[in-house]
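Dear colleague,

I am handing over the structure below, and after it you will find a description of what was found, written so that you can follow each part with the model open beside you.

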Amino acid sequence: MKLFNDEISRRQFLKSSAAASLVSFVPGFVLAAESAVIKKTIPSTGEHLSVMGLGTSRTFNVDSDNAANSPLIAVMQAFFDNDGQLIDSSPMYGSAEAVTGALVKQAENKQGLFTATKVWTDGKRQGIEQMERSMRRLGVDRIDLMQIHNLRDWRTHIDTLIDWKAQGRIRYIGITTSHGRYHAELEKLMQQLPLDFVQFSYNIVDRTAEQRLLPIAREKGIATLINRPYQRGSLFYKVRGQSLPDWAAEFDCASWGQFFLKFVAAHPAVTCIIPATSKLKHMVDNMAAGYGRLPDEQTRRRMIKLIETM
Ligand SMILES: NC(=O)c1ccc[n+]([C@@H]2O[C@H](COP(=O)([O-])OP(=O)(O)OC[C@H]3O[C@@H](n4cnc5c(N)ncnc54)[C@H](OP(=O)(O)O)[C@@H]3O)[C@@H](O)[C@H]2O)c1
């Protein structure tokens, strides 16, 4: 199996008894005794990262004081137990950073944790205060990836991020957008700024990023984080009541969720995908997409055609 330049290590597919007990009610879930977790390479360092990450917008915006005793702890545990690493949050997402911090503290098997959050304010002092607050909320003294949220006041924050990276307070610098906004400006910044990561939307129905952003990321050696892989959940309405095609099994795909995520994961310029979920069965489904084979380019075009007929 060839997955572009990405590393594939052989690992136990399901390690947690919590996740294993779910298999019986996850439709179409294939319990493989052993499979391959897909890791991609961060171009600026060569570090390997699990392709399946986790978003926190809306789904983790709950009461942070009770989060560690809520059903979300099982969701987080299934993420780590299935080789998940990168968790993406933002001060914009209400209590999501504090909830993430509380859940991570409680979880086991989290050695691979890769924290990603954002600065989302105007002004240098405000940005520094907000990033320090994010560290406290996430319960870490170093953030792996700090991103400028929606390009907001990037001229100010970029200098702080460069300083913080030099001091080891963050490891990577990124910038984000979503659902097609600011692409022209983002393209320019990808050429000009010392970015390790760029985050934007990409999914089987919203493929604008294929034209410019993904090729530029590849050419410039910038890692990509993909948000809205389910078009905020609306892709599931499109396929409701429809059977998965037989040929999905050729790339180890057993559900519509895996179909959508594997479509994205197979793009050579995609580093990590961050679907958000509040449900354990969805987490197990999503993580399964980070294992096994991925569709080749011809199959990806077939996948698009199929969805276009629905
Ligand atoms: N500008 C930015 O920086 C920006 C903008 C947008 C998003 N983001 C990031 O990207 C993340 C992902 O984007 P998103 O949350 O907007 O949209 P998304 O991940 O495309 O969709 C999330 C929705 O899909 C549902 N879902 C998840 N897994 C499922 C499964 N296996 N089967 C059925 N339904 C499933 C979730 O509901 P359940 O809870 O019921 O599973 C949730 O409603 C965000 O959480 C955030 O971290 C960043």
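**What was found**

Strand 7 and strand 8 (residues 170-176) pair in the parallel sense, and five bridges join them. Within this pairing, Gln-147 has Gly-174 of strand 8 standing opposite. To get from strand 7 to strand 8 the chain passes through helix 5 (residues 154-167), and this β-α-β crossover is right-handed. Please keep in mind throughout that this is a predicted model.

On the other pairing of strand 7, the partner is strand 6 (residues 114-119), which runs parallel to strand 7 and is joined to it by four bridges. Here Thr-117 stands opposite Met-146 of strand 7, and strand 6, helix 4 (residues 124-138) and strand 7 together make a right-handed β-α-β unit. You may ask why strand 7 (residues 143-148) is described as largely enclosed by the rest of the structure. The reason is that six of its six residues are buried, where a residue is called buried if 20 or more other C-beta atoms lie within 10 Å of its own.

These strands belong to an open sheet of eight strands, whose order is 4-5-6-7-8-9-10-11 and whose pairing is parallel. Strand 4 (54-55) and strand 11 (272-273) stand at the edges with a single partner strand each, so one side of each has no neighbour in the sheet. Helix 5 packs on this sheet, where it touches strand 6, strand 7 and strand 8, and its direction makes about 160° with that of strand 8. Strand 8 also pairs in parallel with strand 9, through three bridges, and one of the facing pairs is Thr-176 with Gln-199 of strand 9.

Helix 7 (residues 213-220) is worth turning to next, with Leu-213, Leu-214 and Ala-217 buried in it. These residues cover an arc of only 100° around the axis, which puts them on the same side of helix 7. The elements that cover the buried residues of helix 7 include helix 6 (183-192), strand 9 (197-201) and strand 10 (223-227). Just after helix 7, Gly-221 takes a positive phi of about 70°.

Finally, there is the nonpolar core. In soluble globular proteins, nonpolar side chains tend to be buried together. The largest nonpolar core here has 81 residues, and Ala-265 and Ile-273 are those with the most contacts inside it. If neighbours within four places in sequence are left aside, the residues in contact with Ala-265 are Ile-38, Val-51, Val-270, Ile-273, Ala-289 and Leu-294.

With best wishes

Notes: Residues are numbered from 1 along each chain as its sequence is written. This is a predicted model: local features need pLDDT of at least 70, side-chain atom pairs count only at pLDDT 80 or more; totals for chains, interfaces and linings use all residues. A residue is buried if 20 or more other C-beta atoms lie within 10 Å of its own, exposed if 12 or fewer, and partly exposed in between; C-beta atoms are placed from the backbone. Helices (H or I, at least four residues) and strands (E, at least two) are DSSP runs, numbered from the N terminus. Two strands pair if DSSP finds at least two bridges between them. A crossover is right-handed if, with the strands pointing away from the viewer, the path from the first strand over the helix to the second runs clockwise. The arc is that of the directions from the helix axis to the C-beta atoms. Two residues are in contact if their C-beta atoms, placed from the backbone, lie within 7 Å. A nonpolar core is a set of buried Ala, Val, Leu, Ile, Met, Phe, Trp, Tyr and Cys residues joined through C-beta atoms within 7 Å. Axes are lines fitted to C-alpha atoms, for helices over the stretch in contact, and angles run from 0 to 180 degrees between N-to-C directions.
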